[in-house]
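User: I am new to this structure and should be grateful for a close look at a single part of it. Please set that part in the context of the whole chain and explain how it is joined to its surroundings.

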Amino acid sequence: LFFRLVVVSGSSMYSTLWDGDWLLVLGNTLYQEPEYGDIIVVCKESFNDSEPIIKRVIATPGDTLWIEADGTVFLNGSPLDEPYVQEKALGECDVEFPYQVPENSFFMMGDHRETSIDSRSSVIGCISTDHLIGKILCKFWPLSDFVWLG
């Protein structure tokens, strides 16, 4: 599919996305490799009965990642500038650092770091390109909160 509609379920992307927001997704047939900061939708059989999840790309294949106890993320030795994160937190993390992202995989995190279950947890882990649904282009509902994200 070229485009999809997705409804946000949960709080892992607060304050960028809210529960119930409607999103327009550029399907993976048109979308190339995810880049740093992209908000993407993925689906993997082991997630909540294949329900799609929405997270932000933090690291790409081959990158080395380190997350401090206070939640500061270091990518390839440099701290990330993350203006979309309101409160840094280590969150649920069972990954050993430094961590190198495997080939054809992406390290993703939610913007609400304290509650997000994401690549920091072995429950989710890194996301393979095979599980990519697409990139979020915009939040269009509620209409008063329209924002271009792509």
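Analyst: Strands, in the sense used here, are DSSP runs of at least two residues marked E, helices are runs of at least four marked H or I, and both are numbered from the N terminus. By that count, this predicted model contains 0 helices and 12 strands. The radius of gyration of the chain is 14 Å, close to the 15 Å that the globule rule gives for 150 residues, so the chain is as compact as a globular protein of that length. Along the principal axes, its C-alpha atoms fill a box of roughly 40 × 30 × 30 Å. Of the 150 residues, 45% count as buried. Among contacts between residues at least 6 apart in sequence, 59% join residues at least 24 apart.

The part chosen for a close look is strand 4, which spans residues 53-59. Is this strand mostly covered or uncovered? It is mostly covered, since 7 of its 7 residues are buried, and buried here means a relative accessible area under 20%.

Strand 4 has pairing partners in strand 3 and strand 9. Strand 3, residues 39-42, runs antiparallel to strand 4 and is joined to it by 4 bridges. Within this pairing, V41 has I54 of strand 4 as its bridge partner. Strand 9, residues 105-109, also runs antiparallel to strand 4, and 3 bridges join these two. Here R56 stands opposite M109 of strand 9.

R56 deserves further attention, for its side chain also takes part in a salt bridge. Side chains of opposite charge can pair when their charged atoms come close. R56 forms such a bridge with D111, and the closest N and O atoms are 2.8 Å apart. The pair links distant parts of the chain: R56 belongs to strand 4, while D111 lies in the loop between strand 9 and strand 10 (127-128), 55 residues apart. Both R56 and D111 are buried.

Other salt bridges help to place this one in context. A search of the whole structure finds 5 of them. One joins the side chains of K135 and D38, at 3.7 Å from N to O. K135 lies in strand 11 and D38 in the loop between strand 2 (22-27) and strand 3, so this pair ties together parts that are 97 residues apart in sequence. K135 counts as buried because its relative accessibility is 14%, and D38 counts as buried because its value is 11%. Another salt bridge joins D118 to R120, with 2.8 Å between the closest N and O atoms; both of these residues are buried.

After strand 4 in the sequence comes strand 5, residues 64-67, whose two faces differ in cover: L65 and I67 make up the covered face, T64 and W66 the uncovered one. In a regular strand the side chains alternate between the two faces of the sheet. Strand 5 belongs to an open sheet of 4 strands, ordered 7-6-5-8, with antiparallel pairing. Strand 7 (78-79) and strand 8 (99-100) stand at the edges with a single partner strand each, so one side of each is left without a neighbour in the sheet.

The pairings inside this sheet can be followed from strand 5. Strand 5 is joined to strand 8 by 2 bridges in the antiparallel sense, and T64 has Q100 of strand 8 as its bridge partner. Strand 5 also pairs antiparallel with strand 6 over 3 bridges, where L65 has L75 as its partner. Strand 5 and strand 6 form a hairpin with 5 residues between them, and G71 in the turn has a positive phi of about 95°. Strand 6, residues 73-75, in turn pairs antiparallel with strand 7 over 2 bridges; F74 stands opposite P79 there.

The surface of the chain offers a contrast to the covered strand 4. The chain exposes about 7,900 Å², of which carbon and sulfur atoms supply 52%. A nonpolar surface patch of about 800 Å² is made by L5, V7, W22, W141, L143, F146 and W148. L143 lies in the loop between strand 11 (132-141) and strand 12 (147-148), and counts as exposed because its relative accessibility is 59%. W148 is placed in strand 12 and is exposed, with a relative accessible area of 54%.

Methods: Residues are numbered from 1 along each chain as its sequence is written. This is a predicted model: local features need pLDDT of at least 70, side-chain atom pairs count only at pLDDT 80 or more; totals for chains, interfaces and linings use all residues. Side-chain values use heavy atoms; hydrogens and water are left out. Buried means under 20% relative accessible area, exposed over 50%, partly exposed in between (1.4 Å probe, protein chains only). Two strands pair if DSSP finds at least two bridges between them. Patches are made of residues with over 30% relative accessible area and no salt bridge: like charges are joined within 9 Å, nonpolar side chains (Val, Leu, Ile, Met, Phe, Trp, Tyr) within 5 Å. Accessible areas come from the Shrake-Rupley method with a 1.4 Å probe; for residues, only the protein chains shown count as cover. A salt bridge is a side-chain nitrogen of Lys or Arg within 4 Å of a carboxyl oxygen of Asp or Glu. The radius of gyration is taken over C-alpha atoms; the globule rule is 2.2 Å times the number of residues to the power 0.38. Contact means heavy atoms within 4.5 Å.
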